Amino acid sequence: MSLIAQRMSHLGTENAFKLGDDIQRCVDRGMDVIRFNLGAPDFRSAPHLNRVASEALDAGNSGYCDPAGILPFREAVAAHVSRTRGVEVTPGRVVVTPGAKPPIGYTLQTYVDEGDEVIYPSPGFPIYESWVRFARAVPVPLLLSDERDFAFTADDLAELITRRTKVIILCSPSNPTGGVLSREDLAGIAALVRERCRPDVRIYADEIYEHILFDGLEHESIMSHEGMPERTVLASGHSKGFAMTGWRLGWAILPTEEEAGIFKQLNINIMSCVPPFLQEAGAAAYEDPESAVQVEQMVREFERRRDWVVPALNGVPGVRCRLPKGAFYVFPDVSGMCERLGVYDAWARLPAEARGRATPAAILQMFLLYRYGVASMDRASFGRIGAEGQDFLRLSIANSMEDIRRGVERIGEAAEDDGGFAEFADSEDFKGLFG
Ligand code: PLP
């Protein structure tokens, strides 16, 4: 018998949070670190929403509430989804969760038995692969490639669907690629699901970036397609679009009230309920017209930053960056930079076991952090299975324009510093990080 249960060895993590220790180490050494790692808007939650929450607290709304979520918030969510996805959703199918992350684990626990197959995008949000493995399901990554603009077609998905497929995860706009599924893409996927999947197969539609689209694009959802409302778990929330990451306000729409009852039961088992005074502000976010004005301003600012940062990164030797269509990340291919600096050679010299743990992009990530004070995320942080040979970094542009400019300047200097990299590859830092 061991102290820690076996199952914990299967649980993954989100490195964007884990990197905090390395960043702190650099800060303790007096470095000024530019944090491109975390996906949190650099905007504050809007004053009109803060006011609703504090007034609700003052009014005494500070006790337990319905574990599914307070009715006014569930009504507001149902009305928002009915309007934006063009389908009728009732509050009885809405469950409020602390952020949009819990519905991922809830979905895996609710629908998936050991040995069932789960298809998910890779690169994709790391918590998908983490929960798939923790549930002892079979991970089936849908590998997206730069050459194809990180897009995929129904034909690509068709190749992965088998009789054991139980859940198919979609994420649009995507973290980390910024890719967006069009109405036609989604129509093709819906037709495929109707044709090839049993009615008990569930689509998990992660639409947490639903408000953050560029170039005049409108958000499209799989929910809007025939046969999908009865098969889709749609999850979103307030973290990204309303700049409320710390509020922990999210929700899921379930295909039936019975399934919503299971999510509610999971809430009861884990945290009873989401604080009711926060949910009051959550409802106001959809109902007060001021919200749309604030969201629009923030999204236009992200677009302005994207329009600056992509050409600037493409000007750095060894970096190739596509234009994301949504979310607030850029995801450049840094294989040329790894080549120039000698990262591949340093990686090849690692002991076999360390090579299995680290990718060349992770080495470059740490060089940028420990020597240039630029915190980023490597490709393998967005799904390990199938990440070999893909050297990308994710940079969050939810940072001030000034920090973005300084960060890109530092990356440009690092790209020319093969001597600095050789010294880093020989350093105690490197040994501590990569063994
Ligand atoms: N889904 C995706 C694709 C994300 O990028 C994130 C956060 O980074 C989440 C879900 C979790 O969102 P929340 O902070 O609301 O739990």
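Me: What makes the pair formed by an oxygen atom of the ligand and the side chain of Ser239 a polar contact?
Reply: The oxygen atom is 2.6 Å from an N or O atom of the Ser239 side chain. A polar contact is a pair of N or O atoms within 3.5 Å, so the pair qualifies. This is a predicted model: local features need pLDDT of at least 70, side-chain atom pairs 80 or more, while totals for chains, interfaces and linings use all residues. Residues count from 1 along each chain as its sequence is written, and side-chain values use heavy atoms, without hydrogens or water.

Me: Which distances make Asp206 and Lys240 polar contacts of the ligand too?
Reply: A ligand nitrogen atom is 2.7 Å from a side-chain N or O atom of Asp206. A ligand oxygen atom is 2.7 Å from one of Lys240. The protein covers 94% of the 400 Å² of accessible area that the ligand has on its own (Shrake-Rupley method, 1.4 Å probe).

Me: What makes a residue part of the ligand's surroundings, and how many are there?
Reply: A heavy atom within 4 Å of the ligand. 13 residues surround the ligand, and Tyr209 and Arg248 are among the closest. The shell divides into 6 nonpolar, 3 polar and 4 charged residues.

Me: Why is the chain called as compact as a globular protein of its length?
Reply: The chain has 18 helices and 12 strands. Its radius of gyration, taken over C-alpha atoms, is 22 Å. The globule rule (2.2 Å times the number of residues to the power 0.38) gives 22 Å for 435 residues, so the description holds.

Me: What share of the residues count as buried?
Reply: 58% of the 435 residues. Buried means under 20% relative accessible area (1.4 Å probe, protein chains only).

Notes. Polar contact = N/O pair within 3.5 Å; in protein donor to acceptor, adjacent residues only side chain to side chain. Nonpolar A, V, L, I, M, F, W, Y, C, P; charged D, E, K, R; others polar. Helix = DSSP H or I, 4+ residues; strand = E, 2+ residues; numbered from the N terminus. Buried < 20%, exposed > 50% of the residue type's maximum accessible area, 1.4 Å probe, protein only.
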